[in-house]
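Subject: Structure for you to look at

Dear colleague,

I am passing on the structure we spoke about, together with some notes on what turned up in it. Please open it alongside this message, since the notes follow the fold from one part to the next.

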Amino acid sequence: MHILPISYPMDLDKLVQFVGKQVVAIGDFDGVHLGHQEVIGRALSTAKRLGLEAAIMTFSPHPRAVMGQDKYVELLTPTKKKMAFFESMGVNHTYIVTFDASLMRLSPEQFVDQVLDRLGVDSVICGFDFTFGFQGKGTPDSLCELSHGKFSVEVVRPFHMNGEKVSSTRIREALQDGDLETATRLLGRPYSISGIVVDGAKRGRTLGFPTANLQLDESYVPPMNGVYAVKATVRGEVYQGVMNIGIKPTFETGELKPSFEAHLFEFSEQIYGETVTVELIAFLRPERKFSSLDDLVAQIKLDAEEAKHKLSLEP
Ligand SMILES: Cc1cc2nc3c(=O)[nH]c(=O)nc-3n(C[C@H](O)[C@H](O)[C@H](O)COP(=O)(O)O)c2cc1C
Ligand SMILES: Nc1ncnc2c1ncn2[C@@H]1O[C@H](COP(=O)(O)OP(=O)(O)O)[C@@H](O)[C@H]1O
């Protein structure tokens, strides 16, 4: 998959010679959840039917973070992870449009004429709630009108699961409430985070449970503080394990930001500096303050047993 950054204004004509006619799925796609997968899947099937290439147009930074509508900048799928999912779905090109002041000022009409049309798109696929152009005034209906028949527009209806609309907001809330089951169901896969293993207090090994402390690559939506059964990919191998997300109240570290630490089963290698991807499979319990180290270690042993049990039920 080609990743093509676009900052407006830019000479898109040159780019077009390189990519040719294409079907473009457009949106933020934070989470690449089941609803997003439907939109992208539609672009892939339309492209196949028409014998064209399939592309995605997405934005960075997240428009809501830039426009200050939301306090969070944390994402379910920061850019690197999002690109990995797009690639695995079979997309040919992804345009990452810089969402800055000059792009924000484009009217819906200008966005269509100066960005989409100049890219030579054949069809645009978007979700029912896609907005674009100055103050987000453009809607799927106005996209149809403004295309003036130069490209076709396919609008994908809201995706529901068990009567509930699948949305990034709902998934964020579920993660923050410790409702991992809902998050996993709506994402269509486990929530995953990636980071580099960094030094901690070297306490884990003295407790009998060394934990790889992850410094996350980018800014992820933090799930509720607590203990999770996980699957971790290290050096291309998948290991089962148990992860604590939190501030370790037992040790009164004074930290406010949660740390992400995974103890992997049947693993004893030194992996400082390596990248690890952790999939959260089941939420086991909230984080607690223990009155003694023995109590903490006894609980971690129980957590490990419970995690092994939960993971053994996984396909
Ligand atoms: C499965 C598991 C559960 C944990 N639960 C808690 C907890 O409830 N409260 C707490 O203060 N620390 C908890 N911890 C964190 C340990 O305190 C932490 O792993 C230890 O301090 C090692 O830190 P270090 O990696 O910086 O050496 C847990 C760790 C693991 C692996
Ligand atoms: N089973 C394991 N799970 C996680 N990390 C392990 C394991 N075995 C060895 N390690 C290594 O030990 C380190 C964790 O040991 P720990 O005493 O908790 O130190 P730190 O406080 O620096 O995290 C990890 O970063 C990793 O390099």
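To begin with the open sheet, its six strands follow the order β1-β4-β3-β2-β5-β6 and pair in parallel. The edge strands are β1 (residues 2-6) and β6 (residues 152-156), each of which pairs on one side only, and neighbouring strands of this sheet are turned against each other by 25° on average, if direction is ignored. Please keep in mind throughout that this is a predicted model.

Within that sheet, β2 (residues 22-26) and β5 (residues 121-127) are joined in the parallel sense over five bridges, and Ile 26 has Cys 126 of β5 as its bridge partner. Across β2, β3, β5 and β6 lies helix α2 (residues 34-50), which runs at about 160° to β5.

Helix α4 (residues 79-89) may also be worth your time. Its buried residues are Lys 81, Lys 82 and Phe 86, and, seen down the axis of α4, they fall within an arc of 140°, so they line one face of the helix. An α-helix has 3.6 residues a turn, so residues three or four places apart point the same way. The buried residues of α4 pack against β3 (residues 53-60), β4 (residues 93-98) and β9 (residues 191-198), whereas Lys 80 and Ser 88, on the other side of the helix, are exposed. Just after α4, Gly 90 takes a positive phi of about 95°.

Strand β9 also belongs to the second sheet, a closed barrel of six strands that runs β9-β10-β13-β12-β11-β14 with antiparallel pairing. Here neighbouring strands are turned against each other by 45° on average, again with direction ignored. In this barrel, β11 (residues 226-234) and β12 (residues 237-246) pair in the antiparallel sense over nine bridges, with Tyr 228 standing opposite Met 243 in β12.

Finally, there is the surrounding of ligand 2, for which I would ask two things of the model. Which of the 20 residues around ligand 2 come nearest? They are Gly 200, Gly 204, Arg 205, Pro 210 and Leu 264. Which elements give two or more residues to the shell around ligand 2? They are α10 (residues 204-207) together with β10 (residues 212-216) and β13 (residues 259-264), the two strands being part of the barrel described above. Sorted by class, the shell holds eight nonpolar, seven polar and five charged residues.

With best wishes

Key: Residues are numbered from 1 along each chain as its sequence is written. Chains are lettered from A and ligands numbered from 1 in the order in which they are written. This is a predicted model: local features need pLDDT of at least 70, side-chain atom pairs count only at pLDDT 80 or more; totals for chains, interfaces and linings use all residues. A residue is near a molecule or strand if its C-beta atom, placed from the backbone, lies within 6 Å of it. Helices (H or I, at least four residues) and strands (E, at least two) are DSSP runs, numbered from the N terminus. Ala, Val, Leu, Ile, Met, Phe, Trp, Tyr, Cys and Pro count as nonpolar, Asp, Glu, Lys and Arg as charged, and the others, Gly among them, as polar. A residue is buried if 20 or more other C-beta atoms lie within 10 Å of its own, exposed if 12 or fewer, and partly exposed in between; C-beta atoms are placed from the backbone. The arc is that of the directions from the helix axis to the C-beta atoms. Two residues are in contact if their C-beta atoms, placed from the backbone, lie within 7 Å. Two strands pair if DSSP finds at least two bridges between them. Axes are lines fitted to C-alpha atoms, for helices over the stretch in contact, and angles run from 0 to 180 degrees between N-to-C directions.
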